[in-house]
Amino acid sequence: MATIVDDHVMVCADCLMIIANDDATGLDYFLDEENAAVRERNVRDSIAAVQRDGDYLVAGDSEQDEVFSTSPCDCCNSTLAGSRHHCVLMS
Ligand SMILES: [Zn+2]
């Protein structure tokens with residue numbers, strides 16, 4: 001049975017995109033191709049680090065999302081101001 005390891009992981013939009021949809025194509029919208037590739041690697045590495053013990057992140061309750069925050073992303077540690085999205089770490 002799946003158990004909740006952390007029920008309040010707040011991640012940036014980039015991390016959410018990959019956690020929820022495994023899709024990084026949105027990065028190209030803001031960055032050129034080269035920077036998008038670097039950013040995607042960074043985000044994927046961060047997600048892998050969070051999930052290293054066999055835990056996995058799932059998109060959480062969108063009502064707990066923050067529209068604007070300067071808190072660091074709990075996944076990639078980005079402090080870029082923007083939205084933070086609620087995720088749950090499951091085991
Ligand atoms: Zn992030």
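In the predicted model, D32 is partly exposed, with a relative accessible area of 45%, and its place is in the loop that runs between α2 and α3, the latter helix covering residues 33-50. On the surface, D32 gathers with D28, E33 and E34 in a patch of negative charge. Membership of such a patch requires over 30% relative accessible area and no salt bridge, and the 45% computed for D32 therefore satisfies the accessibility part of that criterion.

A second surface feature, nonpolar in character, is made by Y29, F30 and L31 and amounts to about 410 Å². Y29 belongs to helix α2, which spans residues 27-30. With a relative accessible area of 69%, Y29 is classed as exposed, because the exposed class begins over 50%. In general terms, nonpolar side chains of soluble globular proteins tend to be buried together.

Burial of this kind is found in the largest nonpolar core, which holds 19 residues and in which V11, C15 and L57 touch the most other members. Two or more residues are given to this core by each of β1 (4-12), α1 (13-21), α3 and β4 (82-90), and the largest share, five residues, is that of α1. Strand β4 is also the place of C87, a residue that is buried with a relative accessible area of 0%. Although C87 and H8 are 79 residues apart along the chain, a distance of 6.3 Å separates their C-alpha atoms.

Turning to charged side chains, a search of the whole structure yields four salt bridges. Side chains of opposite charge can pair when their charged atoms come close. In one of these salt bridges, the side chains of R39 and D14 meet at an N to O distance of 2.8 Å. This pair links distant parts of the chain, as R39 is in helix α3 and D14 is in helix α1, with their positions 25 residues apart in the numbering. R39 is buried, its relative accessible area being 16%, and D14 is likewise buried, at 17%; both assignments follow because buried means under 20% relative accessible area.

Salt bridges are also formed within helix α3. The side chains of R44 and E40 meet with an N to O distance of 2.8 Å, and the two residues, both in α3, lie four residues apart, or about one turn of the helix. R44 is partly exposed, with a relative accessible area of 33%, and E40 also counts as partly exposed, at 26% relative accessibility. These two residues are further joined with D22 in a network of salt bridges.

R41 forms a salt bridge with D45, for which the closest N and O atoms are 4.0 Å apart; the cut-off applied to such pairs is within 4 Å. Because R41 and D45 are four residues apart in helix α3, about one helical turn separates them. The two partners fall into separate accessibility classes, R41 being exposed with a relative accessible area of 57%, whereas D45 is partly exposed with 44%.

Definitions and conventions
Residues are numbered from 1 along each chain as its sequence is written. This is a predicted model: local features need pLDDT of at least 70, side-chain atom pairs count only at pLDDT 80 or more; totals for chains, interfaces and linings use all residues. Side-chain values use heavy atoms; hydrogens and water are left out. Patches are made of residues with over 30% relative accessible area and no salt bridge: like charges are joined within 9 Å, nonpolar side chains (Val, Leu, Ile, Met, Phe, Trp, Tyr) within 5 Å. Accessible areas come from the Shrake-Rupley method with a 1.4 Å probe; for residues, only the protein chains shown count as cover. Buried means under 20% relative accessible area, exposed over 50%, partly exposed in between (1.4 Å probe, protein chains only). Lys and Arg count as positive and Asp and Glu as negative; His and the chain ends are not counted. The place of a charge is taken as NZ of Lys, CZ of Arg, CG of Asp or CD of Glu. A nonpolar core is a set of buried Ala, Val, Leu, Ile, Met, Phe, Trp, Tyr and Cys residues joined through side-chain atoms within 4.5 Å.
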